[in-house]
Amino acid sequence: GPKNEDEMMPTALLLAACLTDIKYKKVLNWFVVASFCIVMASHFIFGHNQIFFEAFLGLGVAIILTLPLYLMKALGGGDLKIFAVFGLATNVDTVIFTFIAALIWGSLLGVLRAIFNKQGDVLLSNFIKIIKLQKPEPHTLNQIPFTVALLAGWFSYIVYTGYGRVL
């Protein structure tokens, strides 16, 4: 079964991505490339062919899941790329669970941020307009760093599956 070592790489990856995303308001390309190289090297050093194949499936599914959100400008290219590297470090099941959990966490964090920024009224009126199929007010979006939601989604996966008892 999965061991603590299996979750160290994705945990370190997402923690570092969060810190850079919060500090620079983006996931930097050099960080994505370095992360990709480290994950690939770990597969060559510690992995075997079956895990390598699963890793590339994870990468592909991560891109398929995040591409529509990127095209709708709901998340940035760095978020897509770092989640693809996360997929490379894990597998398809982990990617799907983490993504769904990250969407839930992202929504919760966005609502909390809107309330904290005293924009709950704008959020509510836009929500009602969307339900009525009307165009919401263009407003400065309450963007949260999606890497934070990804990290929360990953921790949710670890807790839900008892993945390696790292937490």
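**Exercise 1.** Leaving aside its neighbours within four places in sequence, with which residues is Thr98 in contact?

*Solution.* The model is predicted, so local features need pLDDT of at least 70, side-chain atom pairs count only at pLDDT 80 or more, and totals for chains, interfaces and linings use all residues. Residues are numbered from 1 along each chain as its sequence is written, and side-chain values use heavy atoms, with hydrogens and water left out.

Step 1. Locate Thr98: its place is in helix α5. Helices are DSSP runs of H or I with at least four residues, numbered from the N terminus.

Step 2. List the partners. With contact meaning heavy atoms within 4.5 Å, Thr98 touches Phe83, Phe86, Leu150, Gly153, Trp154 and Tyr157.

Step 3. Consider accessibility. Thr98 counts as buried, because its relative accessibility is 0%; buried means under 20% relative accessible area, with a 1.4 Å probe and protein chains only.

Step 4. Find the backbone partner. A polar atom of the Thr98 side chain lies 2.7 Å from the backbone oxygen of Thr94.

**Exercise 2.** Compare the expected span of helix α5 with the distance between its end C-alpha atoms.

*Solution.* Step 1. The expected span is 1.5 Å times one less than the number of residues. For the 25 residues of α5 (residues 92-116), this gives 36 Å.

Step 2. The end C-alpha atoms of α5 are 35 Å apart, which agrees.

Step 3. Examine the two ends. Asn91 caps the N-terminal end, with a side-chain oxygen 3.2 Å from the backbone nitrogen of Asp93. After α5 comes Lys118, whose phi is positive, near 55 degrees.

**Exercise 3.** Describe the surroundings of Ser156 in helix α7 (residues 146-161).

*Solution.* Step 1. Ser156 is buried, since its relative accessible area is 18%.

Step 2. Apart from neighbours within four places in sequence, Ser156 is in contact with Phe97, Ala101 and Trp105.

Step 3. The side chains of Ser156 and Trp105 make a polar contact at 2.7 Å. Such a contact is a pair of N or O atoms within 3.5 Å; within protein, one must be able to donate a hydrogen and the other to accept it, and residues adjacent in sequence count only if both atoms are side-chain atoms.

**Exercise 4.** Determine how the axes of helices α2 (residues 29-46) and α4 (residues 77-89) are arranged.

*Solution.* Step 1. The axes come within 10 Å and cross at roughly 10 degrees.

Step 2. Therefore α2 is roughly parallel to α4, a term for angles under 35 degrees.

Technical notes:
Helix = DSSP H or I, 4+ residues; strand = E, 2+ residues; numbered from the N terminus. Buried < 20%, exposed > 50% of the residue type's maximum accessible area, 1.4 Å probe, protein only. Axes fitted to C-alpha atoms, helices over the stretch in contact; angles between N-to-C directions. Parallel < 35°, antiparallel > 145°, perpendicular 65-115°, else oblique.
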